[in-house]
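Good morning, and thank you for joining. I shall speak about empty space in one model, and then about the packing of its helices and strands.

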Amino acid sequence: KNSRACVKLFHPPEDDVGSIKIAAFRAKKITSICESDLALPKQFILPRHIATNRKGDVIGYMMRKLPPNFVKVKNLLEQRFKTDHAIGLKEISQLFIALFGDHALVDGKIEAIGDINVGSIMISPDLAHRAWVDTDSWSHKGFPCLATTEIFCHPDLYPNLNVGSSKVIRHEMHHDRFSLMVMYVLMALSGAHPFRMGIHDRYHSLQERVKNGITIFDSDVIYPSILPSPEVLSDDVLNYVISILKRENKDPINTELLQEFAETIVVCESCGGQYTAMRTHCPLCHEKTTIDLSAITQIMIDDSFFVAGGTIIFVQSVGEELRVIRRQNDQLHIATIMQDGKVHTIQTNIKAKKGMRYRFFDACLVVCQEPYAASPVELDIYRISGGTLTFISKSSTATLENDSAVFSTTAKYLYRIAGNSIVQNKLFGEVLTNNSITKVFRGQTWFTADRMSGADREVLFGYNRSRRDYQWFVCAQQENDDSKLSFSNINVSAMRRGEKLEDFKVYFHTEKILLVRKTIYRGRESVRYTIITLNGDVIDDMLINADESAFKYWEGLTGKLYQGSSVLHISTEGLVKQDLKNGAYTPIKGTEKMIGPNDGLLKFGRKICVPRRDGIIAITKK
């Protein structure tokens, strides 16, 4: 009944000795934490009251509930999220100054936080508020943290990754600080992991690099030229970060040094990038101006396809048009690009706000002003006619529980959740018609529509969620009537016991769908990619572990173009084509320095487009 509280329930123990022991340990630990009544500020979401079943067994605990707009800090790895919310190096640095300060507050009250990862910290989209979650896993006196995530953990803790190890290495505060600094580098340098990224001639694996202190900042590591240069950081901060990553400094974090750096970050007037004021030039622009175009032999890259004034924040292919939303002087502008390269622009009176979400369908623009508001969320519908934008009406949609508004579009229709149904909306004159597609579970259903493949049919892909279980489904047009979509459940391969879904992306092709899932299993990352027909049949299901050579192409879930028999990946090597039949990965020469891991891909006619903040690059075969 208390809307400001929620309950976390544990899965019942399996019928094996190990699971029963873990359940007993967890029950004692939660009881001890609740009884200790830790005095910490509200950004720490702590267990406060145990939850029991009728037998008196501890099955979970009650804690304070976060506002619905909070998201995991891993969203800072998504360029689109950062663009939507105007987040740059300065804002990320200020967030981590606060996080390091939070860590200092728990020092002396617990043994260590322990398993720090991109899912254990949550943020409001404007970064004004933060929350530490999963605090039941912290290392408390008498109850060590049993979880460890490989990509963030200190090498002292690697033995904890071995399942069945008889001894658990206890986490310490300096281990936490190491993990947080790895995460800061990852966020500040747009996905550049300080030990996983780059190439060293002797040490190749993540664990080898960490144990020997081989960072991306070392001179004998080949640093990808397409990533933000480390020079965006000041020399003092860079040297300080390196000392912690090389485990030469175990002291509490010097937040004053980081604060001085944050206060001197400047914005480049040319590219909009952020960097330290101690540099005489923008490290980001400097990299762009040193591109060697003579290396392009297999493809043509037309970087004058579309150059934006202001910042591009959304791009969608709608039939024969490419529609672009850009932000300029706090106003939204719409550019419609035709196949022949002609551009029509509309200057709207819509004021740009952080976090707004946009979609196009038919001759309409959909604007969601507050995607994280309580359900139902309002959608503003505008008609695009000639050079004007006219408001038509308001509509609404449901939200996914503890997440944002659920709606999507294709070239023809708007899809949203109304009541307990996914509804298809079509513009008829000045009125939106409603057509129920399928029943769903309000607050537990998510879906997306194919708005990028250009195929002339309607397809939705999504899931219904129950606790940790995801039942994936596809709704697809089977005949000529695009108002009738058939529903099919999908039997996606089950994850291993203890494997957790961290993130996923969906890519569409004419007759197939590509589902990419990133998971954590025993502290290590894995990626599963599944190819599904429009009837819901699984025709390929692959598991790639972090120690496999192909993992680097799948580690980033965004920046892919599914082409049916192949997949184009954006990687540190530029564009890489994967043949799905023989599994070969082939770098496309000439794209190494033109395309970076934060870019996206979409098909527009015979072109492959790479949307960026300042324009759109078009790639075509010679």
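Before the first lining is described, a word on residue classes: Ala, Val, Leu, Ile, Met, Phe, Trp, Tyr, Cys and Pro count as nonpolar, Asp, Glu, Lys and Arg as charged, and the others, Gly among them, as polar. The model is predicted, so local features need pLDDT of at least 70 and side-chain atom pairs count only at pLDDT 80 or more, while totals for chains, interfaces and linings use all residues. Residues are numbered from 1 along each chain as its sequence is written, and side-chain values use heavy atoms, with hydrogens and water left out.

I begin with the enclosed spaces. Rolling a probe the size of a water molecule over the atoms shows where empty space is left. On a 1 Å grid over the protein atoms alone, a cavity is a set of points where a 1.4 Å probe fits but cannot get out; a pocket is an open set with protein on both sides within 12 Å along at least five of seven lines; and lining residues have an atom within 4 Å of a point. Grid points are joined across faces, edges and corners, and a volume is the space filled by probe spheres set on the points.

How many cavities of 30 Å³ or more does a search of the whole structure find? The search returns two. The largest cavity has a volume of about 70 Å³. Its lining consists of H154, H174, R177, F178, I244, R247, N249, K250 and D251. By class, that lining holds four charged, three polar and two nonpolar residues. Helices (H or I, at least four residues) and strands (E, at least two) are DSSP runs, numbered from the N terminus. With three residues, helix α4 (residues 173-188) gives the most to the lining of the largest cavity.

The second largest cavity has a volume of about 30 Å³. Around this cavity stand E150, I151, F152, C153, Y158, F178, V182, H193, F195, L206 and V210. Here the classes are nine nonpolar, one polar and one charged. Both α4 and α5 (206-211) supply at least two residues each to the lining of this second largest cavity. F178 is named in the lining of the largest cavity and again in that of the second largest.

I turn to an open space. The second largest pocket contains about 330 Å³. Of the 20 residues that line this pocket, G319, A411, S453, G454 and A455 lie nearest its centre. The pocket lining comprises eight charged, seven polar and five nonpolar residues. Strands β12 (311-318) and β36 (602-604) each provide at least two of them.

Next, a pair of helices. Axes are lines fitted to C-alpha atoms, for helices over the stretch in contact, and angles run from 0 to 180 degrees between N-to-C directions. Helix α6 (residues 235-245) and helix α7 (residues 255-263) have axes that come within 10 Å and cross at roughly 145 degrees. Contact means heavy atoms within 4.5 Å. D236, V237 and Y240 of α6 meet L257, L258 and F261 of α7. By class, this contact has five nonpolar, no polar and one charged residues.

Finally, the strands. Two strands pair if DSSP finds at least two bridges between them. Strand β1 (residues 5-9) runs antiparallel to strand β3 (residues 58-64), joined by five bridges, and C6 stands opposite M63 in β3. Strand β2 (residues 49-52) is also antiparallel to β3, through four bridges, with A51 partnered by G60. Five residues separate β2 and β3 in their hairpin, and G56 in the turn has a positive phi of about 90 degrees.

Strand β12, already met at the pocket, belongs to an open sheet of four strands in the order β12-β13-β14-β15, with antiparallel pairing. Its edge strands are β12 and β15 (343-351), each pairing on one side only. Neighbouring strands of this sheet are turned by 20 degrees against each other on average, direction ignored. Six bridges link strand β14 (residues 331-338) to β15, and Q331 stands opposite K351 in β15.

Another open sheet of four strands has the order β16-β17-β18-β19, again with antiparallel pairing. At its edges, β16 (357-361) and β19 (388-397) each have a single partner strand, so one side of each is left without a neighbour in the sheet. The twist averages 25 degrees from one strand to the next. Between β16 and strand β17 (residues 364-368) there are five bridges, and R357 stands opposite C368 in β17.
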